[in-house]
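User: I am new to this structure. Please walk me through it with short questions and answers.

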Amino acid sequence: MERYLLDGEEFAIVDSLYVSCDGNGAGALGHPIEYLTLERGGEAVCKYCDRHFLHHSHPRVSDVRARGEPVDSGGDLGPRSAEALAQDSQVA
Ligand SMILES: [Zn+2]
């Protein structure tokens with residue numbers, strides 16, 4: 001699953017028509033697991049964390065890939081977190 005941040009919203013691009021979301025990653029604290037069903041070329045939005053799930057044939061996928069900021073999948077706060085901390089200290 002690819003995830004991107006675009007205009008303050010998180011988008012996940014998925015191949016499956018059945019997805020689940022637990023709110024993990026992107027600084028979210030998580031929520032009860034939520035199961036979503038997409039239509040082909042469609043979109044679903046998690047009612048807990050407002051994450052957008054786009055089927056890979058959704059018309060916005062190319063725009064999200066082009067302009068969005070990639071988010072590490074799996075909620076792994078390893079290298080990306082260290083990088084973010086370095087950026088923070090540079091700003092400060
Ligand atoms: Zn969610």
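User: β7 and β8 form a hairpin; how many residues lie between them?

Analyst: This is a predicted model. Strand β7 covers residues 43–45, and strand β8 covers residues 52–55. The turn of their hairpin includes D50, and the number of residues between the two strands is six.

User: In which sense do β7 and β8 run, and how many bridges join them?

Analyst: One facing pair is E43 and L54, the latter in β8. The two strands run antiparallel, and the number of bridges joining them is three.

User: In which sense do β2 and β8 pair, parallel or antiparallel?

Analyst: β2 spans residues 9–14. Its side of the pairing includes I13, which stands opposite L54 in β8. Four bridges link β2 and β8, and their sense is parallel.

User: Is K47 buried or exposed?

Analyst: K47 sits in the loop between β7 and β8. A residue counts as exposed with 12 or fewer other C-beta atoms within 10 Å. K47 has 11, so this residue is exposed.

User: How far apart in space are K47 and E34, C-alpha to C-alpha?

Analyst: In sequence, K47 and E34 are 13 residues apart. In space, their C-alpha to C-alpha distance is 8.1 Å.

User: What is the phi of D50, and what is notable about its sign?

Analyst: Most residues other than glycine have a negative phi. D50 is not a glycine, yet its phi is positive. It lies in the loop between β7 and β8. Its phi is about 65 degrees.

User: Is D50 buried or exposed?

Analyst: The limit for exposed is 12 or fewer other C-beta atoms within 10 Å. D50 has 12 C-beta neighbours inside 10 Å, so it counts as exposed.

User: Which residue in the turn of the β1 and β2 hairpin has a positive phi?

Analyst: The hairpin has two residues between its strands. β1 spans 2–6. The turn residue with a positive phi, of about 55 degrees, is D7.

User: How many C-beta neighbours does D7 have inside 10 Å?

Analyst: D7 is found in the loop between β1 and β2. This residue counts as exposed because its C-beta neighbours inside 10 Å number 8.

User: Which residue in β2 stands opposite Y4?

Analyst: β1 and β2 pair in the antiparallel sense over five bridges. Y4 also touches several residues more than four places away in sequence, including V64 and P70. Its opposite residue in β2 is F11.

User: Which element gives the most to the largest nonpolar core?

Analyst: The largest nonpolar core has eight residues: Y4, F11, A12, I13, A44, F53, L54 and V64. The elements that give two or more residues to this core are β2 and β8. With three residues, the element that gives the most is β2.

User: In β9, which residue is the bridge partner of L5?

Analyst: β1 and β9 pair in the antiparallel sense. Three bridges connect them. In β9, the partner of L5 is E69.

User: Is G68 buried or exposed?

Analyst: G68 has its place in the loop between α1 (61–67) and β9 (69–71). Buried requires 20 or more other C-beta atoms within 10 Å. G68 has 20 such neighbours, so it counts as buried.

User: How far apart in space are G68 and F11, C-alpha to C-alpha?

Analyst: Leaving aside neighbours within four places in sequence, G68 is in contact with Y4, L5, L6 and F11. G68 and F11 are 57 residues apart in sequence. In space, their C-alpha to C-alpha distance is 8.5 Å.

Definitions and conventions: Residues are numbered from 1 along each chain as its sequence is written. This is a predicted model: local features need pLDDT of at least 70, side-chain atom pairs count only at pLDDT 80 or more; totals for chains, interfaces and linings use all residues. Two strands pair if DSSP finds at least two bridges between them. A nonpolar core is a set of buried Ala, Val, Leu, Ile, Met, Phe, Trp, Tyr and Cys residues joined through C-beta atoms within 7 Å. Two residues are in contact if their C-beta atoms, placed from the backbone, lie within 7 Å.
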